[in-house]
Amino acid sequence: MTPLNITSLCSDIWQKAKSELALALPSEVFDSWFKNIDCIGGDENKIVLGTPSELAPFWISDNYFDVLSRNISLAASRNIDVEIKVVGAEEKPAEEPVRESARRIKQPAAPVFPTSINPRNTFESFVVGEGNKFAHAAALAVAQSVGKAFNPLLLYGATGLGKTHLMHAIAHFIIKNDANAKVVYISSETFVNEYINALSSGNISSFRRRYRNTDVLLIDDIQFFSRKESSQEEFFHTFNELFNSNKQIVLSCDRPIQDVPDIEKRLVSRFEWGVCVDIKSPDYETRLAILRKKVSVLGECANINEDVLDLIARRFTKNVRRMEGALNKIIGYSSLISNNSPMTLEKAHYLLADDLIQEDGGNVIDVEQIQKKTAEYHRIDAAELCGKRRPANIALARQIAMYLSRKLTTQTLQEIGKRFGGRDHGTVMHAIRVVDHLINHNENVKREVEHLMKTLSS
């Protein structure tokens, strides 16, 4: 097929997919993120889309990449990869003869990645902390030495802690360094569904060729194999075939494999031939680093101040994906509604109110709770925090309680001051600055604040 025909085909596919997206998505979402996207190139296996918005490629990748990829593949009647680029007016398709436009299209120099791999989930974008450094090191070792180090590699941990990110990073690294490598990434649910379809249609031989003739097989969420005896039997033989051929196997699970009910013991035994690595919830410092890294990637598109990042990092402790979702909501509002003006802490509390209640398990933190817990920690009466007395121990406890009230509630500075004996907002601001300074210079105060944050948020 000539480049001219390929260009025309890519444009037709995008127009068809774009029409479907307009029907499938809320009008405000489509108008904000997809309406101004044009097809600027591609080939038989890939479509390149161009957008004038610097934020759109990141936002779409994080929130709508699955629906975008699915609609394009449906429009093309085959799996097709998608790349989104930021383009200026001079780079957008011009109203000129098609032959002249086609001449400007460059064939992509980078390797083609499967649509199932998130283009942003690389080792470089993964933030390493105490709870995940072993998993990161093991995943990198696997990517650098396919089939030799840690085979199989099993990553396990709760949802939203980075297992899928590391699996995508492995695939990225391998394909980037060997464009001919056969890498397959799927969920166990997809494996089961494709196996059932293959049995029904009599294409079991084709199914087996797909999964047994790969260099690297990555299967997410293997707990889905539970109670599916026939699928387990099929995967058992696939595992043996790959392992005996020194092909790499990477698996993920939401718990230790021994805790998954109704998984055959011979499969469990094989999963333990390599190494099983636990990914733990990230600590506060790691959560804040994740948020800072995401904001730094967006640059001026994300005008989010440090207080808001601190709020998100401290309150969203259980699931990194949910934490990033909260940041996405803030960024989206700032970009679309606030004209990129700085996001205030009060506005962030308002926008995330429902998310914070869900994260806190339905328990809304109020100033009275903070005063009570802080007073208990300092072994004083909670009423002292609202009184006029200013001995050193009471003054410090009062300042810490004000600081926590600012960080953990939706109250304004004025409202917090009123709850502490009618003090003005300047007093509250001074208390916040004092405690911020002490956290950085006094280990005892830092431990106290972290303890109270954890106690109040649990």
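Q: Let's start with α18: how many of its 17 residues are buried?
A: In this predicted model, helix α18 is mostly covered, since 13 of its 17 residues are buried.

Q: And how far apart are the end C-alpha atoms of α18?
A: They are 24 Å apart, and this agrees with what the 17 residues from 392 to 408 should span, because at 1.5 Å a residue the expected value for α18 is 24 Å.

Q: OK, what comes in the loop before α18, say around R379?
A: R379 is found in the loop between α17, which covers residues 367–378, and α18. R379 has a positive phi of about 55° although it is not a glycine, and with 79% relative accessibility it counts as exposed, because the cut-off for that word is over 50%.

Q: Why point out a positive phi?
A: Most residues other than glycine have a negative phi.

Q: Which other residue has a phi like that, and what is its value?
A: D262 has a phi near 60°, again a positive value in a residue other than glycine. D262 lies in the loop between β7 (248–253) and α11 (265–271), and with a relative accessible area of 46% D262 is partly exposed.

Q: While we're on backbone geometry, which residues does a cis peptide bond join?
A: A cis peptide bond joins N151 and P152, with omega at about 0°, and P152 is found in the loop between α6 (133–144) and β4 (153–156). As a rule, most peptide bonds are trans.

Q: Let me zoom out: how many helices and strands are in the chain?
A: The chain has 21 helices and eight strands. Of its 458 residues, 47% count as buried, and the chain exposes about 22500 Å², of which carbon and sulfur atoms supply 49%.

Q: What share of the contacts comes from residues 24 or more positions apart?
A: If you take the contacts in the chain with a separation of 6 or more, residues 24 or more positions apart account for 73% of them.

Q: What's in the largest nonpolar core?
A: That core has 81 residues, and those with the most contacts inside it are F34, L68, I72, L153, I170 and I312. The largest share of this core, seven residues, comes from helix α7, which runs over residues 163–177. Apart from it lies another core, of 28 residues, among them F207, L217, I219 and V260.

Q: Take I72, then: what does it touch?
A: Not counting residues up to four places away in sequence, I72 touches I13, W14, A17, I47, L49, I80 and V82. In soluble globular proteins, nonpolar side chains tend to be buried together.

Q: Switching topic, is E234 buried or exposed?
A: E234, which is found in helix α10, counts as buried because its relative accessibility is 3%, and the cut-off for buried is under 20%.

Q: So what is E234 in contact with?
A: Leaving aside its neighbours within four places in sequence, E234 is in contact with F191, Y195, F207, R208 and R212. With R212 there is also a polar contact, in which the side chain of R212 meets the side chain of E234 at 2.9 Å.

Q: Where is R212, and what else does its side chain make a polar contact with?
A: R212 is in helix α9, residues 204–212, and its side chain also makes a polar contact with the side chain of T238, at 3.3 Å. Not counting residues up to four places away in sequence, R212 touches E234, H237, T238, E241 and L242.

Q: What about Q223, where is that?
A: Q223 is in the loop between β6 (216–220) and α10 (229–244), and it counts as buried because its relative accessibility is 17%. Beyond its neighbours within four places in sequence, Q223 is in contact with S252, C253, D254, R255 and V260.

Q: Last thing: where does pLDDT stay under 50?
A: It stays under 50 over residues 89–109, for which the model has 25 contacts beyond four places in sequence. Where pLDDT is low, the predicted coordinates should not be read in detail. For the chain, the average pLDDT is 84, and 89% of the residues score at least 70.

Note on methods: Residues are numbered from 1 along each chain as its sequence is written. This is a predicted model: local features need pLDDT of at least 70, side-chain atom pairs count only at pLDDT 80 or more; totals for chains, interfaces and linings use all residues. Side-chain values use heavy atoms; hydrogens and water are left out. Helices (H or I, at least four residues) and strands (E, at least two) are DSSP runs, numbered from the N terminus. Buried means under 20% relative accessible area, exposed over 50%, partly exposed in between (1.4 Å probe, protein chains only). Contact means heavy atoms within 4.5 Å. Accessible areas come from the Shrake-Rupley method with a 1.4 Å probe; for residues, only the protein chains shown count as cover. pLDDT is the predictor's confidence in each residue, from 0 to 100. A nonpolar core is a set of buried Ala, Val, Leu, Ile, Met, Phe, Trp, Tyr and Cys residues joined through side-chain atoms within 4.5 Å. The expected span of a helix is 1.5 Å times one less than its number of residues. A polar contact is a pair of N or O atoms within 3.5 Å; within protein, one must be able to donate a hydrogen and the other to accept it, and residues adjacent in sequence count only if both atoms are side-chain atoms.
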